[in-house]
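Hi everyone, thanks for making time this morning. I'd like to walk you through one structure, step by step, so please keep it in view while I talk.

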Amino acid sequence: MDTRDLWQQHVEGLTKHTHELTRKVDSLQDRIHYLEGVVVTLLVALKEGGIIVDSDENVKEGAYKFE
């Protein structure tokens with residue numbers, strides 16, 4: 001096996017590994033996007049259902065009142 005074949009084998013291995021990593025990152029991005037949508041949907045449903053309400057002025061700013 002000469003040097004050129006050895007380098008070509010390394011490049012092919014790195015290319016295959018890079019494609020696999022790219023595929024996994026794309027899959028992770030899809031999952032994160034899905035989970036973001038689930039969290040937003042849940043928060044909107046809780047807000048519209050009256051579970052999460054705006055805080056009164058006598059409650060510390062940033063705190064939520066749950067009923």
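Let's start with the secondary structure: the protein chain has one helix and two strands. Read from the N terminus, the order of the elements is α-β-β. Keep in mind that what you see is a predicted model.

So how confident is the predictor across the protein chain? The average pLDDT is 87, and 82% of the residues score at least 70. Confidence varies between the elements, though: the highest mean pLDDT, 96, belongs to α1, while strand β2, residues 65-66, has the lowest, at 57. When you look at β2, please remember that value of 57.

Now for the helix itself. Helix α1 covers residues 3-48. How far does α1 reach from its first C-alpha to its last? With its 46 residues, α1 spans 67 Å, close to the 68 Å expected at 1.5 Å a residue. After α1 comes G50, and its phi is positive, near 85°.

Next, the surface. How much of the protein chain is buried? Of its 67 residues, buried ones make up 3%. For the protein chain, the accessible surface comes to about 6400 Å², and carbon and sulfur atoms account for 60% of that.

One spot on that surface is worth finding on your screen. Y34, L35 and V38 form a nonpolar patch there, and together they have about 320 Å² of accessible area. Let me pick out Y34, which sits in helix α1. Is Y34 buried or exposed? Its relative accessibility is 58%, and the cut-off for exposed is over 50%, so Y34 counts as exposed.

Let's move on to charged side chains. How many salt bridges does the structure hold? There are two.

One of them joins R23 and E20, with the closest N and O atoms 2.6 Å apart. You can also describe this pair as a polar contact between the two side chains, again at 2.6 Å. Where is E20? It lies in helix α1. Why are R23 and E20 about one helical turn apart? Because they are three residues apart in helix α1. As for exposure, R23 has a relative accessible area of 48%, which makes R23 partly exposed. E20 is partly exposed too, with 32% relative accessibility.

The other salt bridge brings together the side chains of K47 and D54, at 2.7 Å from N to O. Try the exposure reasoning on this pair yourselves. K47 has 36% relative accessibility, so K47 counts as partly exposed. D54 has 56%, so D54 counts as exposed.

Let me pull the picture together before we chat. We have a predicted model whose elements run α-β-β. On it we found a nonpolar patch made of Y34, L35 and V38, a salt bridge between R23 and E20, and another between K47 and D54. Thanks for listening, and please ask me anything!

Definitions and conventions: Residues numbered from 1 in each chain as written. Predicted model: local features only at pLDDT ≥ 70, side-chain atom pairs only at ≥ 80, totals over all residues. Heavy atoms only, no water. Patch = residues over 30% accessible without salt bridge, like charges linked within 9 Å, V, L, I, M, F, W, Y side chains within 5 Å. Areas by Shrake-Rupley, 256 points an atom, 1.4 Å probe, with all protein chains shown as cover. Salt bridge = Lys/Arg side-chain N within 4 Å of Asp/Glu carboxyl O. Helix = DSSP H or I, 4+ residues; strand = E, 2+ residues; numbered from the N terminus. Buried < 20%, exposed > 50% of the residue type's maximum accessible area, 1.4 Å probe, protein only. Expected span 1.5 Å × (residues − 1). Polar contact = N/O pair within 3.5 Å; in protein donor to acceptor, adjacent residues only side chain to side chain. pLDDT = per-residue confidence, 0-100.
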